[in-house]
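Let's take a walk through a protein together, one region after another. Keep the sequence and the 3D view open as you read.

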Amino acid sequence: MEGFFALRSGPPPDGSARPLAELYAGAAGPLRSRLALVGARLGAPEPRVAASIAYLGLAARLWSITLAPCVRGEPPPDLSPALLRWDPSHSTPDDLWLTPAAPVPPPADPVTHLRATVLDAHLVPLLAATRAEVRVSARLLWGNAASALAGALIQLGRPARAETWVADLLAAPPLAGTGQLGPGGFRRSTCCLYYRAPGGSVCGDCCFTTPPRR
């Protein structure tokens, strides 16, 4: 999970990474390539399984690199979709590259910053782009977003102030009802479908305790 907090800067070495803004504007090629790659790696029997896992992975990256500077009280990088480049052929941490830009001031309200930077700027259009490619439940994908957010918090040691921010985000749309953050961790109300991949299982925060019958 530590790699999810890493972020490369400068031009990607092979020039293959494209701004995420292009994906959100309708350039489906990179996302289509990523879904095919994830599906092949998983041996996924259904496109929606690959779509779910791909969305979960990118959501985890975006939450992690945004939440960590807030927890440390550092000026966060400008993660605008026009500046953040994504290479669908690479995995963490070589999937994201940030075009150098001046950091933004430390946010006065971290919850507003996290919502605007990750949810509004990235995960909402990523969800739309994913569903344009594959028939997959929006509620499932929002559950993935909530799971990724909770996972980043737990990896950072659950500092009290950050736990309050995460709880606020989980209590409001579009993440409301996707899971519960408690002393024992996070329990989601949906499933990411990983159990449907060959050799897959239910995750630690899954709504299921054992894989359901197909």
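**Pockets, cavities and the elements around them**

Helix 3 is a good place to begin: it gives the most to the lining of the second largest pocket, with five residues. Before going on, please keep in mind that this is a predicted model.

The second largest pocket has a volume of about 220 Å³. Of the 13 residues that line it, R34, V38, I53, A54 and G57 are the closest to its centre. Helix 2, which covers residues 29–42, and helix 3 are the elements that give two or more residues to this lining. Sorted by class, the lining of the second largest pocket has seven nonpolar, two polar and four charged residues.

Now turn to the largest pocket, which has a volume of about 280 Å³. Its lining is made up of 16 residues, and the closest to its centre are L56, S147, A148, G151 and D205. Three elements give two or more residues to this lining: helix 3 (47–72), helix 5 (138–155) and strand 6 (185–188). Which of them gives the most to the lining of the largest pocket? Helix 5 does, with five residues. The lining of the largest pocket divides into 10 nonpolar, four polar and two charged residues.

Let's move on from pockets to cavities. How many cavities of 30 Å³ or more does a search of the whole structure find? The search finds two.

The largest cavity has a volume of about 50 Å³. You can find it in the 3D view by picking out the residues that line it: L31, R34, L35, A51, A54, Y55, L58, W86, L126 and T130. Helix 2, helix 3 and helix 4 are the elements that give two or more residues to this lining. Helix 3 gives the most to the lining of the largest cavity, with four residues. By class, the lining of the largest cavity has eight nonpolar residues, one polar and one charged. Two names may look familiar here, R34 and A54: they line the largest cavity, and they are also among the residues closest to the centre of the second largest pocket.

The second largest cavity has a volume of about 40 Å³. R18, P19, L20, E22, L23, P30 and W86 line it. W86 therefore deserves a second look in your viewer. W86 is listed in the lining of the largest cavity and in the lining of the second largest cavity. Strand 2 and helix 1 (20–24) each supply at least two residues of the lining of the second largest cavity, and helix 1 gives the most, with three residues. This lining holds five nonpolar residues, two charged ones and no polar ones.

Next, look at how two of the helices meet. The axes of helix 2 and helix 4 (residues 110–133) come within 10 Å and cross at roughly 70°. That angle is why helix 2 and helix 4 are described as roughly perpendicular to each other. The crossing of helix 2 past helix 4 is right-handed.

The strands come next. Strands of a sheet pair through backbone hydrogen bonds, either parallel or antiparallel. In this model, an open sheet of four strands has the order 1-4-3-2, with mixed pairing. Strand 1 (8–9) and strand 2 (18–19) stand at the edges, and each has a single partner strand, so one side of each is left without a neighbour in the sheet. Further in, strand 3 (residues 84–86) and strand 4 (residues 96–98) run antiparallel and are joined by three bridges. If you would like to trace one pair yourself, start at L84, whose bridge partner in strand 4 is L98.

Finally, let's visit a few spots in the backbone. Most residues other than glycine have a negative phi, and most peptide bonds are trans. Where does P93 sit? P93 is in the loop between strand 3 and strand 4, and a cis peptide bond with omega of about 0° joins T92 and P93. The peptide bond from P173 to P174 is also cis, with omega near 5°. P174 lies in the loop between helix 6 (160–171) and strand 5 (179–182).

Two residues round off the tour with their phi values. R158, in the loop between helix 5 and helix 6, has a positive phi near 55° although it is not a glycine. L193, found in the segment after strand 6, is not a glycine either, and its phi is positive, at about 80°.

Key: Residues are numbered from 1 along each chain as its sequence is written. This is a predicted model: local features need pLDDT of at least 70, side-chain atom pairs count only at pLDDT 80 or more; totals for chains, interfaces and linings use all residues. Side-chain values use heavy atoms; hydrogens and water are left out. On a 1 Å grid over the protein atoms alone, a cavity is a set of points where a 1.4 Å probe fits but cannot get out, and a pocket is an open set with protein on both sides within 12 Å along at least five of seven lines; lining residues have an atom within 4 Å of a point. Grid points are joined across faces, edges and corners, and a volume is the space filled by probe spheres set on the points. Ala, Val, Leu, Ile, Met, Phe, Trp, Tyr, Cys and Pro count as nonpolar, Asp, Glu, Lys and Arg as charged, and the others, Gly among them, as polar. Two strands pair if DSSP finds at least two bridges between them. Axes are lines fitted to C-alpha atoms, for helices over the stretch in contact, and angles run from 0 to 180 degrees between N-to-C directions. Angles under 35 degrees count as roughly parallel, over 145 as roughly antiparallel, 65 to 115 as roughly perpendicular and the rest as oblique. A crossing is left-handed if the near helix is turned anticlockwise from the far one by less than a right angle, and right-handed if clockwise.
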